Amino acid sequence: MEQRKFRAAIIGCGGISKVHIAALQGMKNVEIAAVCDIREERLQMAVEKTGAKGYADWHEVVALKDIDVVHICLPHYLHAPVTIEALNQGRNVITEKPMASTIEDARAMIAASEKEGAPMLGVIFQNRYNSSVQRAKEIIESGEMGAFLGAAASVCWRREGAYYSESGWRGVKATEGAGSLINQSIHTLDLLSFLGGPIEKVRGSVFTGLNEGQIEVEDNAMAVALYAGGQRALIHTSNNNVADDAIEVNIHLEKGVLKMFGPKLYLVENGELKLIDSGDDKAIVGKTVWGNGHVSQLEDYYGCLDQGKHFWIDGRSAFPALSLVLSIIRSSEEGKWVELYKA
Ligand SMILES: NC(=O)c1ccc[n+]([C@@H]2O[C@H](COP(=O)([O-])OP(=O)(O)OC[C@H]3O[C@@H](n4cnc5c(N)ncnc54)[C@H](O)[C@@H]3O)[C@@H](O)[C@H]2O)c1
């Protein structure tokens, strides 16, 4: 049977749009028909790369009746208004992480996507597609290593200077929403609940370290979280490292510890690391730390559209990671344990 062809629009033509463009250009059933950016030079580059029509105003793009899917590659604070207007205009949406920059916005997106007859909302969490993550999930769910006892995650990277000052939106609370938690470590926070189940409470502490005076948001965070089942998670994130270290997640199970180290998965045995998954081997588009999951996630999303199936990483599925981010910050501000926000 011939696959249905889809017409896509990309709104926001900065860093991550290049990954969406490359992924879509590798798919036979998608044509990039519109690109949009308020910066003229970025828009022109995207027009040249895709042959699509260029727009400066996103309102015009989401109103285009011949567009099937809108890809939102914009600063965080714009994810909610563009998603909601696009869904209301009848466009399917796939938005970059985080789904939104506030809880109110995230709830409004879920409501818009759950209206009778609403188009489909997907949220990018490409790391869920990493082979090491899939393998860890299989091991946890099969029970072969016993019950899940908890996890410890660390995301220690380096972000400073032009990364913040040149973007026009990073480092500013109103436009980024938060700092290292919402931007760099949200993928890993998402994996904590994807692998371990729902998190209920958290006690966290955040501060601005080496970027103090330059940004309004945190660049360091520590937290301990409790799962609904009573297990625990430790979280350490920083943008003040010497360089970007591999993300580490230790998953404690009754019969041993699994260790994710970058794209790889190991079993920790008598103090030695035994490789059990060497990570994805597809060509990498963009920064290596972003992984290769966009291609798999976008193929899956369009496959669902093609077959009329619901896409699994929807607003409700993406909400817990944002809730954890904003709950860690609230706990730090209030100096006490807090319950996570509910969708
Ligand atoms: N999934 C991942 O691993 C990953 C990696 C990087 C970035 N991201 C996410 O992608 C999103 C974009 O990040 P980025 O690094 O590409 O940022 P960026 O600043 O490079 O790109 C954003 C683009 O949006 C444009 N823009 C801003 N306001 C606009 C408006 N009103 N209308 C049209 N265009 C507008 C800017 O001019 C810019 O070109 C963020 O949500 C970020 O968290 C995800």
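Biologist: What separates the centres of domain 1 and domain 2, taken over C-alpha atoms?

Modeller: A distance of 25 Å separates the two centres in this predicted model. Domain 1 covers 6–126 + 294–314 and domain 2 covers 130–287 + 321–339, with bounds that come from an automatic or database domain assignment. Residues are numbered from 1 along each chain as its sequence is written. As this is a predicted model, local features need pLDDT of at least 70 and side-chain atom pairs count only at pLDDT 80 or more, while totals for chains, interfaces and linings use all residues.

Biologist: How many residues of domain 1 are in contact with domain 2?

Modeller: There are 17 residues of domain 1 in contact with 15 residues of domain 2, where contact means C-beta atoms, placed from the backbone, within 7 Å. On the domain 1 side, α1 (17–25) and α5 are the elements that give two or more residues, and α1 gives the most, with four. That side has 12 nonpolar, three polar and two charged residues.

Biologist: What makes the protein chain as compact as a globular protein of its length?

Modeller: First, its secondary structure comes to 12 helices and 15 strands (DSSP runs, H or I of at least four residues for helices and E of at least two for strands, numbered from the N terminus). The radius of gyration is 20 Å, close to the 20 Å that the globule rule gives for 343 residues, so the chain is as compact as a globular protein of that length. Here the radius is taken over C-alpha atoms, and the rule is 2.2 Å times the number of residues to the power 0.38.

Biologist: Why is helix α10 called largely enclosed?

Modeller: Helix α10 (residues 186–196) has 10 of its 11 residues buried, so it is largely enclosed by the rest of the structure. Buried means 20 or more other C-beta atoms within 10 Å of a residue's own, exposed means 12 or fewer, and partly exposed is in between, with C-beta atoms placed from the backbone. The buried residues include His187, Leu191 and Gly196. Just after α10, Gly197 takes a positive phi of about 100 degrees.

Biologist: Why is Ser205 called partly exposed and Asn270 exposed?

Modeller: Ser205 has 15 other C-beta atoms within 10 Å, so it falls in between the two limits and is partly exposed. Asn270 has 6, which is within the limit of 12 or fewer, so it is exposed. Ser205 lies in strand β8 (residues 199–207), whereas Asn270 is in the loop between β13 (264–269) and β14 (272–277).

Biologist: What makes the phi of Asn270 notable, and what about the bond from Lys97 to Pro98?

Modeller: Most residues other than glycine have a negative phi, and most peptide bonds are trans. The phi of Asn270 is near 50 degrees, a positive value in a residue other than glycine. The bond from Lys97 to Pro98 is cis, with omega near -15 degrees, and Pro98 lies in the loop between β5 (92–95) and α5 (103–113).

Biologist: Which residues touch the most other members of the largest nonpolar core?

Modeller: Ala9, Ile10, Ile11, Val70 and Val325 do, in a core of 96 residues. Such a core is a set of buried Ala, Val, Leu, Ile, Met, Phe, Trp, Tyr and Cys residues joined through C-beta atoms within 7 Å. Helix α12 (residues 315–334) supplies the largest share, nine residues, and the core draws at least three residues from each of domain 1 and domain 2.

Notes:
Contact = placed C-beta atoms within 7 Å. Nonpolar A, V, L, I, M, F, W, Y, C, P; charged D, E, K, R; others polar.
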